[in-house]
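This report concerns a single protein chain and describes its nonpolar cores, its annotated segments and one of its pockets. Please consult the sequence and the structure shown here while reading.

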Amino acid sequence: MKGKRRKKLTGPLMLMMLLTLLLPVWIGSPSAHAAEKSGAVYIIPVDKPIEQGLGKFMERGFKEAEEMNAGLIVLDINTPGGRVDTAEELGTLIKESPIETVAFVRGDAASAGSFLALNADKIVMSPGSMIGAAAMVDSTGKHVDDPKLIAFWKSKMQGAAEKSGRDGKIAAGMTDVNMVVEMPEINKTKEKGEIIALSAEEALKVGYADHISNTPEEAAAWLGYSQDDVFTVQRTTAENISTFLTNPVVMTVLLFLGIAGVIIELIVPGFGVPGIVGIVCFVLYFSGNYIAGFAGAETWVLFTVGLIMMILEMFIPSFGILGILGSIALVAGVVRAAYDTSDAFISLGIAFGAALVVIAIVVILFKDRGIWNRFILNDRLSADQGYSSATERKELIGLQGISLTPLRPSGTAIFNGERVDVVSDGDFIPIDTPIIVIKAEGTRIVVQQALPV
């Protein structure tokens with residue numbers, strides 16, 4: 001009896017022991033807390049270069065998620081990178097968010113994109129995705145060699161990685177080509193001249209990914225969130241337009257067309273099209289930055305006042321004062337409207353230089369239609385066009401008279417009882433000398449001494 005009872009108790013006892021061993025593992029799994037985690041899942045696409053427009057879009061997404069008491073924010077990342085300053089601001093936004101964040105790397109989290117991912121609470125990667133390759137490059141794609149900039153960016157990447165308990169040397173190796181980094185987990189060593197870029201499987205092994213999933217929804221489910229309340233933040237039409245218009249290349253083109261169009265219309269009036277194009281381009285420039293949140297109403301005021309002053313300078317003599325003040329107001333409006341002052345000056349300089357070339361060509365081609373023709377008297381008031389500045393005395397030609405004064409060579413003579421101011425043809429003619437009119441040019445009556453009969 002006792003032996004049988006022992007056999008009956010052995011099965012339940014072993015089951016209880018097994019559950020006791022597995023309980024800590026089960027509790028540690030994210031899916032075990034599915035019932036405890038509540039709140040909607042907000043998916044924010046990070047699928048464009050990291051610049052001002054994307055930054056404002058992400059800020060709106062985080063704000064909406066917080067207002068809706070969301071439980072999780074999923075950053076759906078597939079970006080080639082972008083501006084370091086914008087990435088730094090967005091990194092602060094991510095790590096200071098009161099809402100749990102997970103970076104789902106759909107394609108590439110390259111350069112500044114890897115920095116955003118490292119600031120999230122968790123990193124989930126899809127098969128075939130990549131994280132890393134974060135060396136600093138300039139606008140032409142050339143590697144930046146400035147030691148201070150490299151050290152700054154490396155410290156930011158390393159700090160973001162270590163905050164989440166990841167190996168900071170790997171993050172530093174994503175930025176610095178001169179480092180040597182050993183990664184025994186994947187049997188690789190990053191040598192000098194190389195940059196670390198990890199696949200999803202490699203990132204998982206070295207601790208730069210916490211899980212591999214196919215979709216953002218799967219990543220949220222892995223973290224224990226319900227699939228019933230999943231929202232994807234969509235860009236508004238205005239945000240899409242703003243993102244395009246605030247691209248540095250597009251801004252430079254808009255400024256070029258704006259400057260060239262307005263000035264051409266002012267100095268060679270009558271076309272209409274250049275002026276319309278110029279004004280539209282300036283409106284697009286300021287509107288894009290205004291929608292993105294970089295430009296305020298004061299930028300419109302500065303631009304308008306500057307334009308008016310420059311127009312007045314062409315019609316009101318002010319010794320250049322209006323022109324100088326107008327130029328300062330225009331430049332101030334353009335620069336203040338932009339997100340980055342240095343970029344604005346560069347764009348403005350390039351646009352102004354290119355506009356001057358086009359304006360010079362237009363002035364040469366249409367020199368007969370320029371506004372300068374309004375200030376130059378081109379018409380000749382000649383007699384054959386019916387104009388006369390004085391009464392012509394053609395009737396005096398051949399008429400004889402007497403000099404009333406000596407002609408040295410000018411003086412006065414009398415012809416048929418009429419006193420006339422005359423001038424000799426070069427010779428001195430004494431008083432009371434017979435003379436004859438040989439030429440009449442307006443008020444100039446030329447005489448010579450008459451020969452005796």
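The following paragraphs treat the cores, the annotated segments and the pocket in turn.

The model is predicted. Its largest nonpolar core has 53 residues. Within this core, Met58, Leu75, Ile170, Leu198 and Tyr208 have the most contacts. When neighbours within four places in sequence are left aside, Met58 is in contact with Ile44, Val46, Leu75, Leu90, Leu93, Ile94 and Leu116. A second, separate core comprises 29 residues, among them Phe286, Ala337, Ala338 and Ala355.

According to an unreviewed UniProt entry, the feature "transmembrane region" is placed at residues 244–264, 271–288, 294–312 and 345–366. The table describes the chain over two of these segments.

| Segment | Helix | Strand | Distance between end C-alpha atoms |
|---|---|---|---|
| Residues 294–312 | 84% | 0% | 30 Å |
| Residues 345–366 | 95% | 0% | 31 Å |

The second largest pocket holds about 470 Å³ of space. Twenty residues line this pocket, and Ile259, Ile263, Met310, Leu330 and Phe352 are the closest to its centre. At least two lining residues are supplied by each of α10 (248–267), α12 (297–313), α13 (321–337) and α14 (341–365). Helix α10 provides the largest share of the lining, six residues. By residue class, the lining of the second largest pocket consists of 15 nonpolar, four polar and one charged residue.

Notes. Residues numbered from 1 in each chain as written. Predicted model: local features only at pLDDT ≥ 70, side-chain atom pairs only at ≥ 80, totals over all residues. Heavy atoms only, no water. 1 Å grid on protein atoms, 1.4 Å probe; cavity = no way out; pocket = protein on both sides within 12 Å on 5 of 7 lines; lining within 4 Å. Points joined across faces, edges and corners; volume = space filled by probe spheres on them. Helix = DSSP H or I, 4+ residues; strand = E, 2+ residues; numbered from the N terminus. Nonpolar A, V, L, I, M, F, W, Y, C, P; charged D, E, K, R; others polar. Core = buried A, V, L, I, M, F, W, Y, C linked by side-chain atoms within 4.5 Å. Buried < 20%, exposed > 50% of the residue type's maximum accessible area, 1.4 Å probe, protein only. Contact = heavy atoms within 4.5 Å. UniProt positions renumbered as here; feature names shortened; annotations may be inferred.
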